[in-house]
Amino acid sequence: MPVVPRRSAADVADSRASAVQAAVNLASVEGLEGITIGRLAGELGMSKSGLIGRFGDKEAMQRAVLAAAVDRFVDAVWRPASRSEPGLPRLEALVDAWIGYLRDGVFPGGCFVTTASVEYDARPGPLRNDVAAAVSRWLRVLEAEARRAREAGDLPVDRDPADVAFELHSLASGGSVAGRLLGEAAALDRTRAAMRRAIGLPAGN
């Protein structure tokens with residue numbers, strides 16, 4: 001009987017990462033609840049048992065997919081903006097990178113985190129906790145940059161950094177929905193203008 005060589009840990013990790021990235025694209029369109037072991041196994045041409053061996057169960061797979069989607073957002077929005085000077089220059093860079101992320105279709109189904117937020121806002125459990133934690137971390141980042149801008153005199157002293165963070169997040173989420181659901185061609189242009197106004201910059205630059 002021929003001996004089947006065991007796959008290395010690196011091979012297993014690579015195949016798991018490939019499965020996660022495929023699931024991210026699928027879940028951005030169909031939601032995390034639409035991603036089942038069977039569905040993803042069929043998409044990848046794998047057996048259910050092989051996929052379970054990489055994740056354990058459906059919930060573990062969904063959480064891995066969400067984490068990968070958040071990483072993709074960070075790579076597209078935060079990492080480019082983080083190279084700008086802290087405060088208002090970085091806020092401006094964040095707005096541009098965020099709009100670019102929405103415009104370029106980083107996810108086939110639009111902003112993954114916005115979709116997941118709606119999907120799990122009233123559904124308790126670990127996935128809701130993960131989504132809430134990701135959004136909270138991002139709001140803290142935005143708030144910190146707004147606070148730096150206020151300390152530098154680029155925002156009025158009575159401008160609450162938490163309000164700035166909330167407004168930017170709300171505008172980006174609303175712009176994503178308007179562009180995708182309502183098919184408004186100018187939605188992202190209006191969103192960018194509104195986000196710039198929220199950080200005290202001219203809308204049209």
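This is a short talk on one protein chain and its predicted model.

Let me start with the overall picture. The chain has 205 residues, and buried residues make up 40% of them. The secondary structure comes to 9 helices and 0 strands. From the N terminus on, the elements therefore read as an unbroken run of α, which is simply how helices are written here. The C-alpha trace spans about 75 × 35 × 30 Å along its principal axes. About 10600 Å² of the chain is exposed, and carbon and sulfur atoms supply 54% of that area. Now contacts. Take those between residues at least 6 apart in sequence: 62% of them join residues at least 24 apart.

Next, confidence. The average pLDDT is 88, and 93% of the residues score at least 70. Where is confidence lowest, and where is it highest? Helix α1, residues 9-30, is lowest, with a mean of 74. Helix α7 is highest, at 97. Residues 1-13 stay under 50. For that stretch the model has 4 contacts beyond four places in sequence. Where pLDDT is low, the predicted coordinates should not be read in detail. Please keep that in mind when you look at the N terminus.

On to the core. The largest nonpolar core has 57 residues. Trp98, Phe112 and Leu168 are the residues with the most contacts inside it. Let me take Phe112. What does Phe112 touch, leaving aside its neighbours within four places in sequence? The list includes Val24, Ala27, Leu32, Val65, Leu66 and Ala69. Ser28 is on the list too, and so are Tyr101 and Phe107.

Tyr101 deserves its own moment. Tyr101 is found in helix α5. Its relative accessibility is 3%, so Tyr101 counts as buried. Beyond four places in sequence, its contacts are Phe73, Ala76, Val77, Val106, Phe107, Cys111 and Phe112. Ala68 is 33 residues away along the chain, and the two C-alpha atoms are separated by 16 Å.

Stay in helix α5 for Arg103. Is Arg103 buried or partly exposed? Partly exposed, because its relative accessibility is 45%. Leaving aside neighbours within four places, Arg103 is in contact with Leu188 and Asp189. Gly42 is 61 residues from Arg103 in sequence, and 30 Å from it in space, C-alpha to C-alpha.

Now a polar residue: Gln62, in helix α4, residues 58-81. Gln62 counts as buried because its relative accessibility is 4%. Its contacts beyond four places are Leu32, Glu33, Ile35, Tyr120 and Leu127.

Salt bridges next. The count comes to 13. I will show a few. Glu145 and Arg90 meet at 3.1 Å, N to O. This pair links distant parts of the chain: Glu145 sits in helix α7, residues 126-151, and Arg90 in helix α5, residues 88-104, 55 residues apart. Both Glu145 and Arg90 are buried.

Then Arg192 with Asp96, the closest N and O atoms being 3.0 Å apart. Again the link is between distant parts: Arg192 in helix α9, residues 187-198, and Asp96 in helix α5, with the two positions 96 residues apart. Arg192 is partly exposed because its relative accessible area is 22%. Asp96 is partly exposed as well, at 33%. There is also a network: salt bridges that share partners join Glu33, Lys58 and Arg123.

One further pair is Glu30 with Arg39, where the closest N and O atoms are 2.6 Å apart. Glu30 counts as partly exposed, at 37% relative accessibility. Arg39 counts as partly exposed too, at 30%.

Last, the surface. Which residues make the nonpolar surface patch of about 320 Å²? Val177, Leu181 and Leu182. Val177 belongs to helix α8, residues 161-180. Why can Val177 be in a patch at all? Patch residues need over 30% relative accessible area, and Val177 has 39%, so it clears that cut-off while counting as partly exposed.

That is the tour.

How values were computed
Residues numbered from 1 in each chain as written. Predicted model: local features only at pLDDT ≥ 70, side-chain atom pairs only at ≥ 80, totals over all residues. Heavy atoms only, no water. Patch = residues over 30% accessible without salt bridge, like charges linked within 9 Å, V, L, I, M, F, W, Y side chains within 5 Å. Areas by Shrake-Rupley, 256 points an atom, 1.4 Å probe, with all protein chains shown as cover. Salt bridge = Lys/Arg side-chain N within 4 Å of Asp/Glu carboxyl O. Helix = DSSP H or I, 4+ residues; strand = E, 2+ residues; numbered from the N terminus. Buried < 20%, exposed > 50% of the residue type's maximum accessible area, 1.4 Å probe, protein only. Core = buried A, V, L, I, M, F, W, Y, C linked by side-chain atoms within 4.5 Å. Contact = heavy atoms within 4.5 Å. pLDDT = per-residue confidence, 0-100.
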